[in-house]
Number of protein chains: 2
Amino acid sequence: MTTLIERKRDGGVLDPAEIRWMISEYAADRLPDYQMSALLMAVFMEGLEPQELDAWTDAMLHSGEILDLSNVPIPKVDKHSTGGVGDKVSIPLAPMVAACGVAVPMMSGRGLGHTGGTLDKLESIPGFRTALDPPEFRSIVERTGLVLAGQSETLVPADRRLYALRDATGTVPSIPLIASSIMSKKLAEDLDALVLDVKVGRGAFMRDLDRAHLLAETMVGIGAARDTQVVAVLTDMGQPLGRAVGNANEIAESIEVLQGGGPPDLLEVTYRLGEEMLMRSGKAVERADARSRLEEAVESGAAFEKLAEVVIAQGGDPEALHDPGLLPSAGHEHVITASSTGYLARADALDIGMGAVALGAGRQRKEDGIDPAVGITIEAKLGDMVEEGQPLARVAWNDSARLEAALRYVEGAFAVSSEEVVAPPLIYGEVS
Amino acid sequence: MTTLIERKRDGGVLDPAEIRWMISEYAADRLPDYQMSALLMAVFMEGLEPQELDAWTDAMLHSGEILDLSNVPIPKVDKHSTGGVGDKVSIPLAPMVAACGVAVPMMSGRGLGHTGGTLDKLESIPGFRTALDPPEFRSIVERTGLVLAGQSETLVPADRRLYALRDATGTVPSIPLIASSIMSKKLAEDLDALVLDVKVGRGAFMRDLDRAHLLAETMVGIGAARDTQVVAVLTDMGQPLGRAVGNANEIAESIEVLQGGGPPDLLEVTYRLGEEMLMRSGKAVERADARSRLEEAVESGAAFEKLAEVVIAQGGDPEALHDPGLLPSAGHEHVITASSTGYLARADALDIGMGAVALGAGRQRKEDGIDPAVGITIEAKLGDMVEEGQPLARVAWNDSARLEAALRYVEGAFAVSSEEVVAPPLIYGEVS
């Protein structure tokens, strides 16, 4: 191992057999953390060549079980987002796509830091269980064509160990390490295609477009070496996506989308990713055709019914979908208003995400609990004209100390300009 | 700690309080190895600024006891070598300097890898003890002005832990980490001056002059921030120093020096370092004056008597100094001869050092034992004219399998050229 560390440290290349040996020894607890962390820092500094990255991802993938979804006769497609604020896209998207005859065996994560997590949001539906073992996961996707669960402990165990080590050793923001972590987990889902939503901006993990582009290319490159079609769409995370930031409120907004409503930016991203999923799965050739199938699934109520079906299959109360009043709600509301008349120039996703965490909607540490009822509703988007005193955001809160902490972030998140502001693009491009 | 790792990773600077906190937490076993190894790799890659290095060294120094030699009324000077093959300089040098009225509280190390260790060599004197606790160490130097011991466990404990971690994580060859490791141990000896012998060449830790120079400057810089005068002399380690490579044979050669004999290259380095020690301690202003004092100490027998005195104080048999036949000796000799007539073009210190290890004179792993009797005697120096069949080296051996392993290194260590060969310089310069 010391030889491998030294070689990577000096900018050399590890061969596939060496990488496989290293990852499997580490996963089996036969390599000490202190050697792996030194290697991770060397990888952070020196990067990984494509063939090293491929071997690394492959070794991670084979550190555990790989799902066998061969009994699912229809194409299997998943979507993964690199994480953002107000990013509830998975929740309306997965049932829309499943309603079009594509299986969506979706494994999601929890919120950490300023970004929210799909699992936390789903669990605000009373009774909804996201911890499924592989047989139950498989059985639900076979029956309904859709499952919305957490990462199984038996899949890619090396990633859990490596991620915890990276988190403690300053080696998280390395593009090859991020790419192999995401891709190994997704490749373990036995997919035909994968659509990646790479978020860019202050509220995203990748703050600048160049790095986001590089991450997208790196992940698409890993897919290219395999049978799984991979496409990455780069989308904006400078301001939150949609209006709701929290958990129960994001479920309510997702239901709006499935009922034909919802804010335009959320719809644009959801439909764009849905089009990619249908096209990559072979269910549509033309983008316009994919779009109309998705719209039809919403208009017919089939997408909403698909969500209700999976909520029932996973132990949740489907009444909460019909009556969002059954979702957890906060006791109080604090309104943030525009201090002057003009154009909204700032609605910072990072500050708003940090505010939501402070409020209790997210977690600072993995072991923290969350309050599904609290959250922030954004009432204006960048470039919107606003009048002095007009609400910019509503903060739903339960604990006054937490509200106070949240306002320290949220009040500074907004700025109004007297000059016209051009809204930033929502979709920056695509890599495939 | 993660913040500190990230800052260093990104080329930032840690402040002295942060470094002190980190080293003291690590020494107290309150920081995990995996975080320290990631930081070490970041330091390897990004280096340390002078003020960081100073704080780092200081924190290491204060991780344990600092010797109090205030009862020693004469100047206290030590010499430290970065390690080489046949480098027995400490053994004749320390008594020569002590005989001139300078206290030499010398702490040395054991051999590791292809380099020999002063402690191993000294222990080939029957009965000689190198493991002294600080009170005994102090008492011997107070009485005799000289002590030749191992590093005390109570001095710089952080260095032992850090060195073991660096050894396992590919972070040994970092100039600031080497410099702080050496200097913290030497500063803990309560010295007035320190002379460093920075070896350069194939058989040294620093193979090229630029890196050796940088290490010398870095160590001298650490001393400059303190009361200890530090000078570094850069000397050649392309070929072994002197004739003897081993343990008992290096003691015998050291005794030759103290009796007015010894090979010219060993004498040149020993006297040069001795001159620096006398000048830095204020015992001589001019180099020529220092030189004649050292020569007088040898000619009068005072230097030899000083060694005998310390051997007795440390439990050794002084008879072995008068009669080197009492030192361990090997049962067999194998002679390596010149394959043609010409000039000696190669006598590779690394190969010869590796051969000595294979023979049993050194250790591959810290826990290995050594055979003090075996070793290699070099019969020709680079540039010497040699005749076909003339002995180039004599290998004293006890175990035929080990001899065979040793010859694989040693036979390839020598080459004879038909064209004249200019011997390389022995002393490359000085940094102070």
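**How the two chains meet**

Mentor: Across the interface of chain B and chain A, seven residue pairs are in polar contact, both residues at pLDDT 80 or more. This is a predicted model, where local features need pLDDT of at least 70, side-chain atom pairs count only at pLDDT 80 or more, and totals for chains, interfaces and linings use all residues. Residues are numbered from 1 along each chain, chains are lettered from A, and side-chain values use heavy atoms.

Trainee: What makes a pair a polar contact?

Mentor: Two N or O atoms within 3.5 Å; within protein, one must be able to donate a hydrogen and the other to accept it, and residues adjacent in sequence count only if both atoms are side-chain atoms. Seven residue pairs across this interface pass.

Trainee: How many salt bridges does the rule find across the interface of chain B and chain A?

Mentor: Zero. The rule asks for a side-chain nitrogen of Lys or Arg within 4 Å of a carboxyl oxygen of Asp or Glu.

Trainee: Why is the relation of the chains called a two-fold axis?

Mentor: A rotation of 180° with 0.1 Å of shift along its axis superposes chain B on chain A, RMSD 0.0 Å (least squares on C-alpha atoms of residues with pLDDT of at least 70 in both). That is the relation of a two-fold axis. The same surface serves both copies: 100% of the contact residues of chain B recur in chain A (contact: heavy atoms within 4.5 Å).

Trainee: Which residue of chain B comes closest to the rotation axis?

Mentor: B:Tyr34, at 1.8 Å (C-alpha).
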